[in-house]
Amino acid sequence: MTVAIGEPVRRVEARDKVTGGARYTEDVRAADTAYAALVGSAISAGRVRSIDARQAERAPGVLTVITHTNRPDFAAQPPTPYTAEGRMPLADDRIHYAGQYIAVVVAETQEQADHAATLVQADYQRTSPVPTLDAALPAAYIPRQNGLVRFPSEYRRGHAETALAASPVRLEQEYRTATLSHAPMEPSSTLAYWEGDRLTIYDSSQAVHTHRALVATAFGLPEDRVRMISSFVGGGFGNKSFAWPHVFIAPMAARVVRRPVRVTISRKQVFTGTGHMAATVQAVRLGADREGRLRALIHDSTNQTSFIDDRQEGAAGTTPYMYAIPDVYARMRVAKVSTGTGGAMRTPGDSAGAFALESALDELAYKIGMDPVELRRRNHADTDPVSGRPWSGKRLLACYEQAAERFGWDRRKAEPGSMRDGDDLVGYGMAGGQRMEHQSRARATVHLSDEGTAVIRSSTVEIGGGGLTTLSQVAAEGLGLPVGAVTFEHGDTDLPASSPTFGSLTSGSAGSAVRLAAQDALRAAIELAVGDRRSPLHGADPDDVVAHESGLRLRDRPDRAESYRELLRRNRVNSLRGDGDFQPAGETAGYAMATFGAHFTEVRINRHLPRVRVVRHVAAFSIGRVLNARTARNQAQGGIIMRLGAALMESQRPDPVSGRFISPALTDYHVPVNADIGEVDVLFVGEPDTNANPLGARGLGEISAVGICASVANAVYHATGRRVRSLPITPDKLL
Amino acid sequence: MLPFHYTRAGDIAEALRILSRDEGATLIAGGTDLVTLMRDGIRAASHLVDVNGLGLDEIHWLPEGGVRIGALCRNAVDDARLRREYPVLAEALRSGASPQIRNRASVGGNLLQQTRCTYFRLPEFACNRRTPGAGCSAIEGDSHLQAIFGASPQCTAVHPSDFSVALQALDAVVLTEGTRGRRRIPVDDFFRLPGTTPHLTTELRRDELVVGVELPGGPLAARSHYVKFRERASYAFALVSAAVAVEVRGGTVRSARVALGGVAAKPWRSPAAEEALIGRPLDEEAAAAAGDAAARGARPQRHNGYKVELVRRVVRQALSELG
């Protein structure tokens, strides 16, 4: 049997990507395309009194200017959460946030549209904005339970307040996380055209089937009249998980001008028009005994949301599942700020929540004089504390152990400020991470051809995580083919509906669908062979036939074998089709499913000029089976680096008067540069976890970005004796 | 972006002719700042005069000492003698922007780059620098990157250049050419503080262009150093930076220059810090005294008090590394 799964195969699309051959949404051309520019609101709260578009309409090349006064009606408001905003674009005269689209200029060229957009004059009636989370906090509330809130906002077991009061050791702290921008390289782009009542829409979407359904609803079409295509996504990190207003604007404008319309949002609009991770304020109260056994935990988080929607940043969502604590209360509230609706950003809820909880645990460890790893070991949840079910493949203890060993945690001197190297203060910190594993229905087909090749057809989108490669490996292994013999048709609603490419669904759900499809194709090939008199496998028990080197053979008789090519050609079969339809077992599975990680960080901080440098980070993950050692390592490093940014520099600051984001540019919104990144070492402790799904793999993209900020902050404390509870840990906080 | 005319000037005279004829004309060299400003609707030039064909890209060593750097030398200028004789200049240039931008950006453009103040860069905010008399949203706004020296009620923006801070420490002279002749403007005079006219950022006239900068010779420059402190390891503007140059003879400091970046609308010379060094050995104590002196008189805004302490430390660090 060909072993393909787990091999460090190079990305199947790597060559196309580095040679410019990979076609992104912006690269797609359609004849006679018109271009739209989106005019953003200059104020952050109020109404549009009037819009004077006359000058813009007279500008060269302009075809139309669409505003709330002349727009065509949408058929319906498609459902949240994957419609990003619970308000259709240009719905009315109300302004909820700075940069909200108030007009769409469509012209012959992008330059003409951009120019005319500057000529649109709006007259506003201003009202008082709520500029910051702090200003909104007094009015925080439990969010309305609608489509935007997918997970419960409150959780209770036991009596946390009482248990806390009775705990010999108590700790109460407040932690803050900043508003973060996804800042992908690729600004979102949509190209839409109508052929009668058929709509084709190229969109930089992480989930074509999910988003197609929303577009179909908005335009009152049956889904099969809409085709959505997303070949490659140039970085999403969650901001392309949602259909943002521009996705609906493009087809609307295309209808008005009766031509294909392209909308590519500007770099600035990436920061205001496709969401962000909302800032949080989190109160954590811990009760423990002197041996470090946790008795009570209260985790109370409030995040900012927009005046349009109640979007919960689920910072306390995973908290109840993490440690064996008898009494737990978790709550998540929202507070309305004059800002856009937040979105899911790697890793929704858990990244922010882990910063608070894992920082608090570190504080507790120092308070009782215990090694932070040992504190976590003592409170390890052997079974899921919420459902009581056994975990499916939890190897968190191995993560602690292996990462600590690789890191050299035993060299740590416990006393803060006790490790120095010249002018550098040296700090070691660690933290754990957990994310609940979700699954989604996913379908795929695999066609096995008489060339001895296979084609996977599935609507999964390559967002940079390496999914095309790992899924190709799954099919290759299932059919005994070299990975190079597998090609992939992807990112198109004309293909079988895969799981969305977000929420770490690809390995588990899309991967299982491909596995099932490959098995189905193999079964078809075996049936053909054992029923074919001319086959060396004729009459064999199908259970004894296995895939081997681009063909089939008897498990125990290597000489009774033939290639797919011979088999199919002889039978005049062009290709055999295998279907895979993965249906999550969900609540009936009998297992609790999550992914786990442990992080260890070394920081160095010059004692005179205190900028935190992360020189070394070691992480270990428990994610079941690793599909590709190379892409997995790469993806985990990416997740870690992304959160090192959140730990040290990333913050989309609101103007304290208007609430407008003041860093809507890559110059000002700092993400780590190469020179900021030290050694990032990644370990996987997992083994196949076939309780979770047929493939035995769980998601990696999300868990890789959980726990890093706390690990860094804990290391900063160890280096300096200074506890920073507000991200990012910028130099001003260490002076 | 608004439509504009474009001319590639064949000589200085042609560039000056267009500048003096057309109010809306502006020069473009590397374009690393101007293009962004135009795209963002901050600058609306009716006519771009491309000066990249004018030469002005040489480093010329003067026989009587000193060096002249052409305005169209790129920021990536890498000259062994310059590195040796003016280390602070080479270090400042290298610490700016990214390699790609340094390859493109010109020396003249570096001096003339606009502030990174977000309230200037986002047209939705009021800005006296952009529109005289419009008001300043930064006053009530987020001030964590704003000035602590030399600000006015009309403007609190800071100059973003590293290179200019080094020039300030080197007593450089800006060389200009205009329809009314040539001028030599000491760098300290070239940059203006905002006062009541924040839209006037330099002494350069409308019909004038920068042709180069001249650095004097002498012993100060050889012992000079630049320290830039920022939020990430590279590709970020300074929170605070310091350019220092010290002449030590007989064990004591004879003359010194201390200039600060990231703290004012111009590269900020600190005579108090310089005086604190004169006549004493260049040691840790002197460095600390200079740092304290440099921070004196700072007037932080609501969110940038940290810059005062940073000034102390950056100056001390720069002098310590020099000593």
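How many bridges join strand E10 (residues 198-203) of chain A to strand E11 (residues 226-229) of chain A, and do these strands run parallel or antiparallel? Keep that question in mind while the tour sets out how to find your way. This is a predicted model, in which local features need pLDDT of at least 70 and side-chain atom pairs count only at pLDDT 80 or more, while totals for chains, interfaces and linings use all residues. Residues are numbered from 1 along each chain as its sequence is written, and chains are lettered from A and ligands numbered from 1 in the order in which they are written.

**Stop 1: a parallel pair and its helix**

Select residues 198-203 and 226-229 of chain A, and you have E10(A) and E11(A), which run parallel and are joined by 4 bridges. Strands here are DSSP runs of E with at least two residues, helices are runs of H or I with at least four, and both are numbered from the N terminus; two strands pair if DSSP finds at least two bridges between them. Within this pair, A:Leu199 has A:Val226 of E11(A) as its bridge partner.

Now add residues 208-218 of chain A, which are helix H6, and you see a right-handed β-α-β unit made by E10(A), H6(A) and E11(A). Right-handed means that, with the strands pointing away from the viewer, the path from the first strand over the helix to the second runs clockwise. H6(A) lies across E10 and E11 of chain A and runs at about 140 degrees to E11(A); such angles run from 0 to 180 degrees between N-to-C directions, and the axes are lines fitted to C-alpha atoms, for helices over the stretch in contact.

**Stop 2: the seven-stranded sheet**

Widen the selection to the open sheet of 7 strands in chain A, whose order is E3-E5-E1-E12-E9-E10-E11 and whose pairing is mixed. At its edges are strand E3 (62-67) and E11 of chain A, each of which pairs on one side only. From one strand to the next, the twist averages 20 degrees. On the other side of the pair you began with, select residues 189-195 of chain A, strand E9, which runs antiparallel to E10(A) and is joined to E10(A) by 6 bridges; here A:Tyr193 stands opposite A:Thr200.

**Stop 3: the three-stranded sheet**

Another open sheet in chain A has 3 strands in the order E4-E2-E6, with antiparallel pairing. Strand E4 (94-95) and strand E6 (121-126) of chain A are at the edges with a single partner strand each, so one side of each is left without a neighbour in the sheet. Select residues 46-52 of chain A to see strand E2, which pairs with E6(A) over 6 bridges in the antiparallel sense, and look for A:Ser50, whose bridge partner in E6(A) is A:Asp123.

**Stop 4: unusual points in the backbone**

In the loop between E3 and E4 of chain A, select A:Pro81, where the peptide bond from A:Thr80 is cis, with omega near 5 degrees. A cis peptide bond also joins A:Arg346 and A:Thr347, with omega about 0 degrees, and A:Thr347 is found in the loop between strand E15 (327-336) and H10 of chain A.

**Stop 5: two helices of chain A**

Two packed helices are described by the angle between their axes and the distance between the axes. Select helix H10 (residues 350-368) and helix H17 (residues 708-720) of chain A, whose axes come within 8 Å and cross at roughly 35 degrees. Residues that meet here include A:Phe355 and A:Ser359 in H10(A) and A:Ala713 and A:Tyr717 in H17(A), where residues are in contact if their C-beta atoms, placed from the backbone, lie within 7 Å.

**Stop 6: domains and chains**

Colour chain A by domain, with domain 1 (14-21 + 440-584), domain 2 (32-128 + 185-235 + 240-273) and domain 3 (154-162 + 277-438 + 589-733); these bounds come from an automatic or database domain assignment. The C-alpha centres of domain 1 and domain 3 of chain A lie 38 Å apart, and 18 residues of domain 1 of chain A are in contact with 19 residues of domain 3 of chain A. On the domain 1 side of this contact in chain A, H14(A) gives the largest share, 6 residues.

Finally, show both chains together, where 25 residues of chain A are in contact with 23 residues of chain B.
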